[in-house]
Amino acid sequence: MRLPRPPRISQLFFLLLFLVLFLLTEYRGSDRIVAAVNGFFRADPLTAVSSMLAVKGYLPLLFPGLLMLALSLFLGRFFCGWICPLGTVLDLATDRIGKLGPIRVLQGRAKYWLLLPLLFASLFGLNVAGILDPIAILLRALTFFFHPLLGETARGGWKSLYGLLGDRRDLLDPGYHLLRDYLLPFRETLYPLAFLSALLFFLVLFLERYEKRCWCRRLCPLGTLLGLVSRFGPLRRIPAKLCPDCRACREHCPTSFDRELLQMDECILCLQCALNCPSQRVRFDWRGMRPETGPVMERRVLLGGLFGGFVLARTFRFREPEAQARMLRPPGVREEGEFLEKCVRCGECMKVCLRSALYPALLQAGPEALYTPVLVPRLGYCEYNCTLCGQVCPTGAIPDLAVEAKKREVIGKAVFDKNHCLPFAKRVDCIVCEEHCPIPQKAIRSELVEVTGFQGEKLQVKQPYLVTELCNGCGICENVCPLEGKSAIEVFAVKDRTPIPLSADAPSAPPSRPPGGASPDPYAGSNG
Amino acid sequence: MERRRFIKLLGLCSIFLPGSLRQLLAAQGPVVAVSQGSDHAAAARRAIAALGGMQRFVKAGQTVVVKPNIGWDRAPQYAATTNPAVVKAVVEECLKAGAKKVKVFDRTCNDARRCYASSGIESALKGMKNVEVKHLEEERFKKVALNGRVLKECELYGEALSADVYINVPVAKHHGLSRLTLGMKNVMGIMGGNRGSIHKNLDQALADVNGYFRPQLTVIDATRILTAHGPQGGNLADVEVLNQVLASTDMVAADAYATTLFGLKPSDIAVTRTAYQRGLGEMNLDRIRVVKA
């Protein structure tokens, strides 16, 4: 057996790192989360370029992405061959998949026809590159499909074991706890776009049926972007062509040696040719700029891309007003337009969301907003003291706010539906929404009202009402409303998301009795 | 003694004795132990000791459930959750009395992980031998026929039902609907299903559940109480420091006494009133023996 080569070691290391970071994107008892969890996205040049084109400004969070792009100028597409976890997954799987030979349509300029419209669309304000970003494809497949499936299976098995063994199951507790604490998702969440995420991932895998790394060399917009840059770089393979006496490189090269000349914009620096060269002739070296490369692409492709991007940006904009009413964005997002420009649809926020409140949008906000996070209060709510989504967002589309600031950010405003709400419609007490409202001064309050019961009797009922100025739209009221199906209180989106002013935090009414003693910290308990 | 006198005496005895016996018993009344002190753990220990010590409730080798209020994602000083020092003292007393295992859990309203961490209870009990601080597992809820007035059946947590001893450790605080939440309402933490739906008949429903499932011991944490904006609070201006811990075997009596800490009468609280009317415990303060510990 041969020892693993340096590129393969690096690949496995980064794949493992990717998986570990994925599992770390979860609340683990601390309010702050390891900053590195979104590292792959922040070092993703496609994310950096498309986001910065969209906002037309520099995003400091994405500096590592630009750095990666600059490195690629000197080192070629080493990202694809040494780091990209999706590429590693393909490399690990490809040998078990029989090959049919390349697809003709995908050869040639297809990848530019994909990348350029995406980038130009970003320039026109539509940032959808994340949908085809390889890191995002893999992360979404894990977040929306594989991980919930694993959780569902393991937890389901554990539950049915309880049905079989009863409390004797507790003997197996330690083993299961290990699995539950480190591997399984805390909550079983089903995601609306699970099928699409899985489909895209399996499609990329399916392309291996035709040739090795087919997605990487023929379609991947990130790879294409890196290829564009590395084309101009000084790194060269020597000899550039196949040697007439050997031609073994053809067999070993997974990407770019099906032609006579090595294509540096397709070479992923896997070093297979150098490591397997029978006469040890092959090496990679810097030799100054490469004058011999032909034009990057025809003018036709460039103009076509420009036009395509423009058309995309204009036609993806349709939004149904009705659906807009429930377009609740994560806390801290104030401008829908700015949010859409920055959001890379990576799924990190949905993965980390404590109460499974965030779900990928299907078409609520038009095709433009596919995969962007939307809060669905009936399924989960925004936990008052939690700031995790802002912490993991790689582009700052969801700002990373201090807890005190986040609590005041407005997601939407709650509205009662008195035709459903029990104290109004059924004239019975309830106040579950008021009880759960996390605002210390209570955005939901109730008044004791005398009403006539359905039998004509006099009744006293606590009827809830909303203090709109205090409501931050966290959605817990809608989440816990005891009615079945539709809630009697619902959070609706609002254009004006000015945070709740600090002054609103002051106690609205003096406490019923003055606090006993002068202890500043009641928990310390110094008075008698 | 003449036969006639004997029969007379017997007759008179049969008339007066039962009454005086009843009075004798009634004078005993339920005991509520009240201890005060800024060392909250010591206060909790003294209150339990005043009832005869934990060994009265926990025998060697038994499994004990200690059920604090961990319902909300709030730090301990906000008085929305039970004081971790009190919980820890109760747990330690159980272990000292020979408990084989002590389980601590609550069905939380906010995210369980956050509640357990923020309440300080998880970290206070961390590393203790034979103590489990557990998140609830859905499959352990068991449907129980209560045959109550409003709740015919209800899901209760299996580990609470199967425990040898169940110790109720609520925090005394304000509540928007029931005015106060004390020992009786703390039982909601072992109820499954849609708990919000019992709000429309809260006092009757709680009497149904508490009538079926009764804690052997109730320890009410009144070291600091939430006087407004309950049950969650979140504002220190609503918190009052009392440094008191109450303990009783009669949860209604414990609740009744705790009500006075808020300047209210036991009969002001519908939950207490209903439970008293149903014979679940004593509510009249003059029939409750308060022992200062």
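## Exercises on a predicted two-chain model

Ser162(B) has a relative accessible area of 44%, so Ser162(B) is partly exposed (buried is under 20%, exposed over 50%, partly exposed in between, with a 1.4 Å probe and protein chains only). This is a predicted model, where local features need pLDDT of at least 70 and side-chain atom pairs count only at pLDDT 80 or more, while totals for chains, interfaces and linings use all residues. Residues are numbered from 1 along each chain as its sequence is written, chains are lettered from A in the order in which they are written, and side-chain values use heavy atoms, leaving out hydrogens and water.

**Exercise 1.** Find where Ser162(B) sits in chain B.

*Solution.* Start with the neighbours: Ser162(B) is in the loop between α6 (158-161) and β7 (165-169). Helices (H or I, at least four residues) and strands (E, at least two) are DSSP runs, numbered from the N terminus. Next, try a distance: Gln216(B) is 54 residues away along the chain, and the two C-alpha atoms are 13 Å apart.

**Exercise 2.** Work out whether Glu338(A) and Lys342(A) are buried or partly exposed, and how they pair.

*Solution.* First, the pairing: their side chains form a salt bridge at 3.2 Å, N to O (a side-chain nitrogen of Lys or Arg within 4 Å of a carboxyl oxygen of Asp or Glu). Side chains of opposite charge can pair when their charged atoms come close. Then check the helix: the two residues are 4 apart in α17 (residues 336-342) of chain A, so about one helical turn separates them. Last, accessibility: Glu338(A) is partly exposed because its relative accessible area is 42%, whereas Lys342(A) is at 15% and therefore counts as buried.

**Exercise 3.** Do the same for Glu404(A) and Lys407(A).

*Solution.* Their closest N and O atoms are 3.2 Å apart, in a salt bridge. Both residues lie in helix α20 (residues 403-408) of chain A, 3 residues apart, about one turn. Glu404(A) has 46% relative accessibility, so Glu404(A) is partly exposed; Lys407(A), at 13%, is buried.

**Exercise 4.** Compare that with Arg217(A) and Glu211(A): buried or exposed?

*Solution.* Begin with the contact, a salt bridge at 3.2 Å, N to O. Now the accessibility: both Arg217(A) and Glu211(A) are buried.

**Exercise 5.** Count the salt bridges in the whole structure, then look for a network.

*Solution.* The search over all chains finds 49 salt bridges. One network of them links residues including Asp167(A), Arg169(A), Lys101(B) and Glu159(B).
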